[in-house]
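Morning, everyone. I will take the ligand site first, then the pocket, then the cavities.

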Amino acid sequence: MYRQQIEAAKEHFAQILEAQLQRIERMQQDDSFIDYQKLDKIVIGIVGGDGIGPYIAGQAERILADLLAKQITAGKVELRKIEGLTIENRIARMQAIPDDVLTELRQCHVVLKGPTTTPDQSADMPNIESANVFMRRAFDLFANIRPVKVPELNIDWMFFRENTEGEYALGSQGLNVTPELAVDFKVTTTQGSRRIIRAAFEYAKLHGKTRVTVVTKANVVKTTDGKFLSIAREIAQDYPDIVCDDWYIDIMTAKLIDPSRRSEFQVMVMPNLYGDILTDEAAQIQGGVGTAGSANVGTKYAMFEAIHGSAPRMVAEGRAIYADPSSMIKASVMLLEHIGFNKEAEKLQMALDICSQFEQKVKLTGRSDGVTNEVYTDYILETVAQPDLLERYQEFLAKL
Ligand code: IPM
Ligand code: MG
């Protein structure tokens with residue numbers, strides 16, 4: 001019974017295994033990080049994306065153009081708009097990222113990307129893989145780094161989400177073995193786990209953090225999560241000054257909303273899907289997914305984006321101009337820091353905190369009773385330009 005289907009499934013599985021073993025070999029090759037400051041010119045790609053994407057990416061672009069004006073004039077930095085990463089074009093070409101767009105992306109050193117729509121298979125849309133997931137894999141952007149900070153609640157979290165493995169690695173290559181039996185795959189490799197866990201510990205060490213928390217479901221998903229957890233325990237040995245604790249994802253989601261516990265967490269590291277879920281929860285605590293930015297970092301390339309989707313509903317209801325650009329502005333802070341413009345990154349972060357958390361002279365609500373994203377961005381630009389920015393920021397902090 002089912003001999004033919006089982007044989008076909010085995011063949012599919014064999015191909016998957018081959019590709020994953022090749023991926024491991026690639027991971028073992030050159031793992032040194034590029035030094036952006038050594039480049040003659042840094043090309044920053046700006047991708048609008050879908051839905052509210054072009055609106056909020058456009059505002060972030062204004063900020064980058066302002067902060068990097070000198071470097072742009074001197075030819076040290078180029079902001080390069082990349083068109084064509086839209087759901088319409090992707091459907092027309094039936095590609096997660098159309099070839100010509102991919103070629104253009106490859107010619108940049110880093111990219112700031114607005115959200116892109118991901119069709120899900122149950123909707124009436126073709127089966128195209130998420131552009132994010134494709135890009136993370138194509139550029140091997142293994143570390144998804146997502147900060148969440150709420151000073152009033154004493155929350156200062158840094159999430160290190162593994163970005164190329166887990167359920168995502170083969171998310172579009174699952175199998176309907178028979179019309180009744182669907183199987184997806186979860187992939188964890190030693191190399192893939194080591195590099196993200198190492199990145200989390202190195203970040204902790206560099207920033208004087210005293211705790212790294214590993215999040216898995218190793219009690220149930222024993223083989224893959226078990227591997228991740230045991231590698232984390234092994235790597236923790238190299239960092240005797242850092243406490244390494246581990247939690248299961250279910251209780252972790254509860255602890256993030258436990259006021260007596262949550263400020264103890266500092267750096268968290270986890271497989272892909274848990275990181276996807278946990279960072280949305282964390283962002284909500286900070287004020288909504290619209291407030292959180294995200295860095296997708298590999299050794300030779302990096303992409304910076306919002307953590308949320310393209311919000312087609314906001315566009316349909318004519319509210320795109322009211323969409324919160326903070327996520328993309330936060331992503332710009334991370335981009336600036338990543339390519340070595342630390343002073344500019346710090347200034348922008350302070351201005352963002354003042355405008356969004358402390359002073360709040362104007363407010364975004366996502367609707368016409370709040371300001372537009374352009375007005376909000378003007379407010380950030382004015383704040384960033386103030387000569388006493390640091391003093392003002394310190395005053396606000398002192399009042400907490
Ligand atoms: C994110 C998003 C993506 C993900 C989607 C758009 C594929 O939710 O960046 O967290 O699941 O990783
Ligand atoms: Mg997500």
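**Ligand site, pocket and cavities**

Around ligand 1 we find Thr118, Ser130, Asn132, Val133, Arg136, Arg146, Arg161, Tyr168, Asp276 and Ile307, where near means that a heavy atom of the residue lies within 4 Å of the molecule. This is a predicted model, in which local features need pLDDT of at least 70, side-chain atom pairs count only at pLDDT 80 or more, and totals for chains, interfaces and linings use all residues. Residues are numbered from 1 along each chain as its sequence is written, chains are lettered from A and ligands numbered from 1 in the order in which they are written, and side-chain values use heavy atoms, with hydrogens and water left out.

By class, that shell has three nonpolar, three polar and four charged residues. Here Ala, Val, Leu, Ile, Met, Phe, Trp, Tyr, Cys and Pro are nonpolar, Asp, Glu, Lys and Arg are charged, and the others, Gly among them, are polar. Helix H6, residues 131–138, gives the most to the shell, with three residues. Helices are DSSP runs of H or I with at least four residues, strands are E runs of at least two, and both are numbered from the N terminus.

Which side chains have an N or O atom at short range from a ligand oxygen? For Tyr168 the distance from an oxygen atom of ligand 1 is 2.5 Å, for Arg136 it is 2.7 Å, and for Asp276 it is 2.8 Å. The protein covers 81% of the 320 Å² of accessible area that ligand 1 has on its own, by the Shrake-Rupley method with a 1.4 Å probe.

Now the pocket. Ligand 1 sits in the second largest one, meaning that more than half of its atoms lie within 2 Å of the pocket's grid points. On a 1 Å grid over the protein atoms alone, a pocket is an open set with protein on both sides within 12 Å along at least five of seven lines, a cavity is a set of points where a 1.4 Å probe fits but cannot get out, and lining residues have an atom within 4 Å of a point.

The volume of this pocket is about 1000 Å³, the space filled by probe spheres set on points joined across faces, edges and corners. Its lining has 39 residues, with Thr118, Pro119, Ser130, Val133 and Tyr168 nearest the centre. H6 gives the most here too, with three residues.

Last, the cavities: there are two of 30 Å³ or more. The largest, about 40 Å³, has Glu162, Glu165, Lys186 and Phe228 among its lining residues. The second largest is about 30 Å³, and its lining includes Val133, Tyr168 and Asn272. Val133 and Tyr168 also belong to the ligand shell.

Key. Polar contact = N/O pair within 3.5 Å; in protein donor to acceptor, adjacent residues only side chain to side chain.
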